[in-house]
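I opened this model to look up a few things and kept notes as I went. The entries follow in the order I made them.

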Amino acid sequence: DADENSASLVSRMAISDDQRLLLIGLSDGTIKCINVLYQTSDNQTSIQFTKRWRTSKIRDGYTPIFQFSALEFVHGNDRQHQFIVVTEELSNPSPSSVMLMDAASDSPTNLLPPAGIIDSDDMYITCATTATNQQSDDGTLTLLFGTNVGKLGLASISSTSETAEVQFIHHPLLDEVDDDGVWKITHLNWFDSQSIAMGLTRVIIDPDCQDDEDDEDDPNEHQANFLIGTQLDPSSWEWTELGDVVPFFSVPKGGRHVFHTSTLSCNTSTLLLVGSNVGSDVAILAKQNGAWDIIDVEEGNQMSCPTDEDDEFLFLMGLGVVMLPIPGMKRWHPFPTLASTDGSLTGFVPCHEILGEQFFSRVLDGVA
């Protein structure tokens, strides 16, 4: 639509569990909320209302540029229209802003405790996610968050408390102490009740490097590491370290590597799709013999972004899985969808080499 936000870029999107509310995070710090309904007469999609909240103010005549490190609805019936948002200002680097908001509200009230989640001058939250199924008798919200110093934490947030109860979770990279710098957690996905996906990155500064103003790429080394944690009991986690998972290109100056993930369900387990914002390929991860590993896909059948008209690689902007009905069959099938830097969407049809497409298709809640 031609409005004040028409020049802003989409940074992140999220949809509520009931499929009615769509959140769109824009690069100027604005969050747009669209309520989508289906008309009963002709089954056409219509927009009932649109709300906007600005997470920042225009300063000194310019609008800051923001990146949404997290934007997702809280799972669970008692909070299904509340959402967590983590924004980072790129035009003026500063600690990220973390908010819990209610899409049913007309005012952008932060529902997090007044004291915040962590109280530290050197550590701040860089990304966050919520449990796949929030179930609590007293309405307590469980939030998983990552920080700029590589610490991973669980926060229990009560609607009646002014503080959050925080418990930090140990992971292997916390023990990696060297001169290359600390790891920063940039991606989290709590993809089932006992498993989380965590992406980290760090930049190794080369003190002898001569900066070339004509080169758009960062001359420093960017490292990425992807971990999957499985909770064994309330205080114990088992970790699988998988490295960068997919190859990535040079990171532009002022940029950073960030993972994208989405789940792909099949008849035996849940698979995990993994890509990055500075790469074109998407890998498939599966838990085999008790350990997570990358599945070898036949050459030419891998998921990846297309190339442009000049045969240049496009980068991954987003990753999701859409469930659609199979024509003529009473089954649904998942279609992984990749959003690329040219604004295009590319869909794929997963197929098992022996069992075929039926390995992924299923009856969804008995609906044909």
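**Entry 1: phenylalanine pairs.** I began with Phe-73 and Phe-83, and both are buried. This is a predicted model, so I read every value here as computed from it. How do the rings of Phe-73 and Phe-83 sit, by centres and planes? I found the centres 5.9 Å apart and the planes at 70°. An angle over 60 degrees counts as edge-to-face, so I logged the pair as edge-to-face. Phe-73 belongs to strand 5, residues 66-73. Phe-83 belongs to strand 6. The two are 10 residues apart, and the pair links distant parts of the chain.

Next I took Phe-359 and Phe-360. Their rings also form an edge-to-face pair. I noted 5.1 Å from centre to centre and 90° between the planes. Are Phe-359 and Phe-360 buried or exposed? Both are buried.

I then asked for the total. How many aromatic pairs does a search of the whole structure find? It finds eight. I also noted one aromatic cluster, made of Phe-249, Phe-313 and Phe-315.

**Entry 2: a charge over a ring.** I checked Phe-168 for a charged neighbour. Lys-151 lies over the face of this ring. The distance to the ring centre is 5.4 Å.

**Entry 3: salt bridges.** How many salt bridges does the structure hold? I count two. In one of them the side chains of Lys-184 and Glu-88 meet, at 3.8 Å from N to O. Lys-184 is in strand 12, residues 184-192, and Glu-88 is in strand 6, residues 82-89. They are 96 residues apart, so I marked this pair as a link between distant parts of the chain.

Which residue forms a salt bridge with Glu-88 at 2.9 Å? It is Arg-256, with that figure taken between the closest N and O atoms. Arg-256 sits in the loop between strand 15 (236-241) and strand 16 (259-265). From Glu-88 to Arg-256 is 168 residues along the chain. The bridges share a partner, and Glu-88, Lys-184 and Arg-256 are joined into one network.

I looked up burial for each member. The cut-off for buried is under 20% relative accessible area. Glu-88 has 10%, so I noted it as buried. Lys-184 has 16% relative accessibility and therefore counts as buried. Arg-256 is buried too, with a relative accessible area of 16%.

**Entry 4: Gly-29.** Where is Gly-29 found? I located Gly-29 in the loop between strand 2 (21-26) and strand 3 (30-38). Its relative accessibility is 0%, so Gly-29 counts as buried. I then checked Gly-29 against Phe-68, which is 39 residues away along the chain. Their C-alpha atoms are separated by 8.1 Å.

**Entry 5: the second largest pocket.** I ended on this pocket. Its volume is about 740 Å³. Which of its 26 lining residues are closest to the centre? They are Ile-284, Ile-295, Val-297, Cys-351 and His-352.

Which strand gives the most to the lining? Strand 18, residues 281-288, does, with five residues. I sorted the lining by class as well. I logged 16 nonpolar residues, six polar and four charged.

Methods
Residues are numbered from 1 along each chain as its sequence is written. This is a predicted model: local features need pLDDT of at least 70, side-chain atom pairs count only at pLDDT 80 or more; totals for chains, interfaces and linings use all residues. Side-chain values use heavy atoms; hydrogens and water are left out. On a 1 Å grid over the protein atoms alone, a cavity is a set of points where a 1.4 Å probe fits but cannot get out, and a pocket is an open set with protein on both sides within 12 Å along at least five of seven lines; lining residues have an atom within 4 Å of a point. Grid points are joined across faces, edges and corners, and a volume is the space filled by probe spheres set on the points. Helices (H or I, at least four residues) and strands (E, at least two) are DSSP runs, numbered from the N terminus. Ala, Val, Leu, Ile, Met, Phe, Trp, Tyr, Cys and Pro count as nonpolar, Asp, Glu, Lys and Arg as charged, and the others, Gly among them, as polar. Buried means under 20% relative accessible area, exposed over 50%, partly exposed in between (1.4 Å probe, protein chains only). A salt bridge is a side-chain nitrogen of Lys or Arg within 4 Å of a carboxyl oxygen of Asp or Glu. Rings of Phe, Tyr and Trp (its six-membered ring) pair if their centres lie within 6.5 Å; planes under 30 degrees apart count as stacked, over 60 as edge-to-face and the rest as tilted. A charge sits over a ring if NZ of Lys or CZ of Arg is within 6 Å of the ring centre and within 35 degrees of the ring normal.
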